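User: I have a model open and want to go through the fold. Can you walk me through it?

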Amino acid sequence: MKFLSSAAALLCLAPLAVTATPTLFFGYSQDVIADGKNVAGNNPLEYCSEPSGDILSIKSVDLAPNPPKAGTTLVINASGNLHHKIEAGAYVVLEVKYGLITLLRQTADLCEQLTNVDLKCPLEEGEMTLTKQVDLPKQIPPGRYTVHADVYTKDDKRITCLDAKNIQF
């Protein structure tokens, strides 16, 4: 379960980490152009809702290889703009499903999760670009995964909300 929690946190933190350092986990072969719902770049990410009011504006997120493969190193490149400082107390509501089975549903401290991407709170506002490498374990069970991450400040203002659906391993 610790692996699932970390992997899912990396998925949602990749774009957030771009505000200082991203890390993503799941992906599939598709170049995505931002169209209001999809996050720009070579990734499986979609916004949960209209992102214009979000604190994080994501420019792009790219995965290599895409799709990721168990037992390999995943390279994540991300860029974006953080419109407000993110302080301790920010949190992420995370859900990971394997097919129809919910593997993980938790609320996690965002600042604690940022250590997975070599960041720490507070995150200052401004533009950021980042590259991160993640070693994927060989033991990732094959199947379809779905990840939902809703990220908020300590004052419950939305930072971003992202989905990755039907990710095939």
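**Sheets, core and odd backbone spots**

Analyst: Three strands form an open sheet in the order β2-β3-β6, and their pairing is antiparallel. Its edge strands, β2 (56-64) and β6 (126-135), each pair on one side only. Neighbouring strands in this sheet are turned by 15° against each other on average, direction ignored. Strands here are DSSP runs of E with at least two residues, helices are runs of H or I with at least four residues, and both are numbered from the N terminus. Two strands pair if DSSP finds at least two bridges between them. The angles are taken between N-to-C directions of lines fitted to C-alpha atoms, for helices over the stretch in contact, and run from 0 to 180 degrees.

User: What kind of model is this, and how are residues numbered?

Analyst: This is a predicted model, with local features needing pLDDT of at least 70 and side-chain atom pairs counting only at pLDDT 80 or more, while totals for chains, interfaces and linings use all residues. Residues are numbered from 1 along each chain as its sequence is written, and side-chain values use heavy atoms, with hydrogens and water left out.

User: Back to the sheet. How many bridges join β3 and β6?

Analyst: Ten bridges, in the antiparallel sense. One pair to look at is Gly-80 with its bridge partner Met-128 in β6. On the other side, β2 and β3 (residues 73-82) pair antiparallel over eight bridges. There Ser-60 stands opposite Ser-79, and Ala-64 stands opposite Val-75.

User: Is β3 mostly covered or exposed?

Analyst: Mostly covered: seven of its ten residues are buried. Buried means under 20% relative accessible area, exposed means over 50%, and partly exposed is in between, with a 1.4 Å probe and protein chains only.

User: What sits in the loop between β2 and β3?

Analyst: Pro-65 is one of the residues there, and the peptide bond joining Ala-64 to Pro-65 is cis, with omega about 0°. Asn-66 lies in that loop too.

User: Why call Asn-66 buried?

Analyst: Because its relative accessible area is 12%. Its side chain also makes a polar contact of 2.6 Å with that of Asn-42. A polar contact is a pair of N or O atoms within 3.5 Å; within protein, one must be able to donate a hydrogen and the other to accept it, and residues adjacent in sequence count only if both atoms are side-chain atoms.

User: New topic. Which other sheet is there, and in what order do its five strands run?

Analyst: The order is β1-β8-β7-β4-β5, in an open sheet with antiparallel pairing. β1 and β5 are the edge strands, each pairing on one side only. Three bridges join β1 to β8, and Leu-45 has Ala-164 in β8 as its bridge partner.

User: Anything on the polar side in that sheet?

Analyst: Glu-95, in strand β4, has a polar contact of 2.7 Å between its side chain and that of Arg-105. Leaving aside neighbours within four places in sequence, Glu-95 is in contact (heavy atoms within 4.5 Å) with residues including Thr-102, Thr-146 and His-148.

User: And the core? Which residues touch the most other members?

Analyst: In the largest nonpolar core, of 36 residues, they are Val-39, Ile-58, Val-61, Ile-86, Leu-110 and Ile-159. A nonpolar core is a set of buried Ala, Val, Leu, Ile, Met, Phe, Trp, Tyr and Cys residues joined through side-chain atoms within 4.5 Å. Elements giving it two or more residues include β2, β3, β7 (144-152) and α2 (110-114).

User: How many helices and strands in total?

Analyst: Two helices and eight strands. Of the 169 residues, 51% count as buried.

User: Any other backbone oddities?

Analyst: Most residues other than glycine have a negative phi, and most peptide bonds are trans. The bond from Cys-121 to Pro-122 is cis, with omega near 0°, and Pro-122 is in the loop between α2 and β6. Asp-156, in the loop between β7 and β8, has a positive phi near 65°. Asn-166, in strand β8, has a positive phi near 50°.

User: Why does Asn-166 count as partly exposed?

Analyst: Because its relative accessibility is 49%.
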